[in-house]
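Dear colleague,

I am handing over the structure below, and I would be glad if you read the notes that follow with it open beside them.

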Amino acid sequence: RSGALLETIRSRCALVHLEEEALRDTDPWALEFLKLLSSGDELQRNGFLVQTELAKPDRQRLERFLSGLEDLLHEAVLSGVTGRFQNDEIRDLTHRYSSAQLLEWADLARQARDMLPFHVRAGDLLGWLGARLAQGQA
């Protein structure tokens, strides 16, 4: 029985180590948007989404942004539990919002990413994301 516990601890330690490595390769748009989420400024956040739309990103670029955002939000939840923060934005986010809120936002990023194969226009997708994030604002 103690061997099973040890394997569980090892697997969780490996997960934390892998996520630290992944954070270094974070999408810059996702990191910038995370900063705006941590600021709580809805106007700036929506302005960023409009600027992102005006940049005319292709599907792969949007996928990197949304995947990066989802990963960062999951990292914030994990950091809130472990107390080990990769950057100030993640620390601020975990102090400002609950883990449940962060997980809800990560799920919204995943839902938006899941819409990409259906050729949803960037403006519609990012507008949907902004509106849904505003609904869940604490």
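**Phe 65 and the interior**

Phe 65 has its place in helix H4. Please keep in mind throughout that this is a predicted model. With a relative accessible area of 0%, Phe 65 is buried, and, once residues up to four places away in sequence are set aside, Phe 65 touches Asp 27, Trp 29, Ala 30, Phe 33, Phe 48, Leu 49 and Leu 126. One of these neighbours, Phe 33, is 32 residues from Phe 65 in sequence, while the C-alpha to C-alpha distance between the two is 9.1 Å.

Phe 65 is also among the residues with the most contacts inside the largest nonpolar core, a set of 30 residues in which Phe 33, Leu 73, Leu 93 and Trp 105 are named alongside it. The elements that give two or more residues to this core are H2, H3, helix H4 (59-82), helix H5 (88-96), helix H6 (99-115) and helix H7 (122-135), and the largest share, eight residues, comes from H4. Leu 93, to take another of the core residues, is in contact with Leu 34, Leu 37, Ser 38, Leu 73, Ala 76, Leu 102 and Trp 105, leaving aside its neighbours within four places in sequence.

**The chain as a whole**

The protein chain has seven helices and zero strands, so that, taken from the N terminus on, its elements run α-α-α-α-α-α-α. Of its 138 residues, 36% are buried, and among the contacts with a separation of 6 or more, 72% are between residues 24 or more positions apart. The accessible surface of the chain comes to about 8000 Å², and carbon and sulfur atoms account for 52% of that surface.

**Aromatic rings**

The count of aromatic pairs comes to five. In one of them, the rings of Phe 33 and Phe 48 have their centres 5.5 Å apart and their planes at 40°, and the pair is therefore tilted. Because Phe 33 lies in helix H2 (residues 28-39) and Phe 48 in helix H3 (residues 42-54), this pair ties together parts that are 15 residues apart in sequence. Both Phe 33 and Phe 48 are buried.

Another aromatic pair, formed by Tyr 97 and Trp 105, is edge-to-face, with 4.7 Å from centre to centre and 65° between the planes. Tyr 97 counts as buried at 5% relative accessibility, and Trp 105 counts as buried at 1%.

Ring pairs also link Trp 29, Phe 33, Phe 48 and Phe 65 into a cluster. The ring of Trp 29 has a further partner, since the charged end of Arg 61 sits over that ring, 3.7 Å from its centre.

**Salt bridges**

A search of the whole structure finds seven salt bridges. In one of them, the side chains of Arg 113 and Glu 70 meet at 2.4 Å, N to O, and because Arg 113 lies in helix H6 and Glu 70 in helix H4, the pair ties together parts that are 43 residues apart in sequence. Glu 70 is buried, with a relative accessible area of 11%, and a network of salt bridges links Glu 70, Asp 107, Arg 110, Arg 113 and Asp 114.

Within helix H5, Asp 88 and Arg 91 lie three residues apart, about one turn of the helix, and they form a salt bridge whose closest N and O atoms are 2.3 Å apart. Both residues of this pair are partly exposed, Asp 88 at 44% relative accessibility and Arg 91 with a relative accessible area of 30%. A salt bridge also joins the side chains of Arg 121 and Asp 124, at 3.2 Å from N to O; here Arg 121 counts as exposed at 59% relative accessibility, whereas Asp 124 is partly exposed at 41%.

**Two loop residues to look at**

Which backbone angle is positive in Lys 56, although Lys 56 is not a glycine? The angle is phi, at about 55°, and Lys 56 has its place in the loop between H3 and H4, where it is exposed with a relative accessible area of 66%. His 119, likewise not a glycine, has a positive phi of about 55°; His 119 is found in the loop between H6 and H7 and is exposed, with a relative accessible area of 65%.

With best regards

Methods: Residues numbered from 1 in each chain as written. Predicted model: local features only at pLDDT ≥ 70, side-chain atom pairs only at ≥ 80, totals over all residues. Heavy atoms only, no water. Phe/Tyr/Trp six-rings, centres within 6.5 Å; stacked < 30°, edge-to-face > 60°. Helix = DSSP H or I, 4+ residues; strand = E, 2+ residues; numbered from the N terminus. Buried < 20%, exposed > 50% of the residue type's maximum accessible area, 1.4 Å probe, protein only. Lys NZ or Arg CZ within 6 Å of the ring centre and 35° of its normal. Core = buried A, V, L, I, M, F, W, Y, C linked by side-chain atoms within 4.5 Å. Contact = heavy atoms within 4.5 Å. Areas by Shrake-Rupley, 256 points an atom, 1.4 Å probe, with all protein chains shown as cover. Salt bridge = Lys/Arg side-chain N within 4 Å of Asp/Glu carboxyl O.
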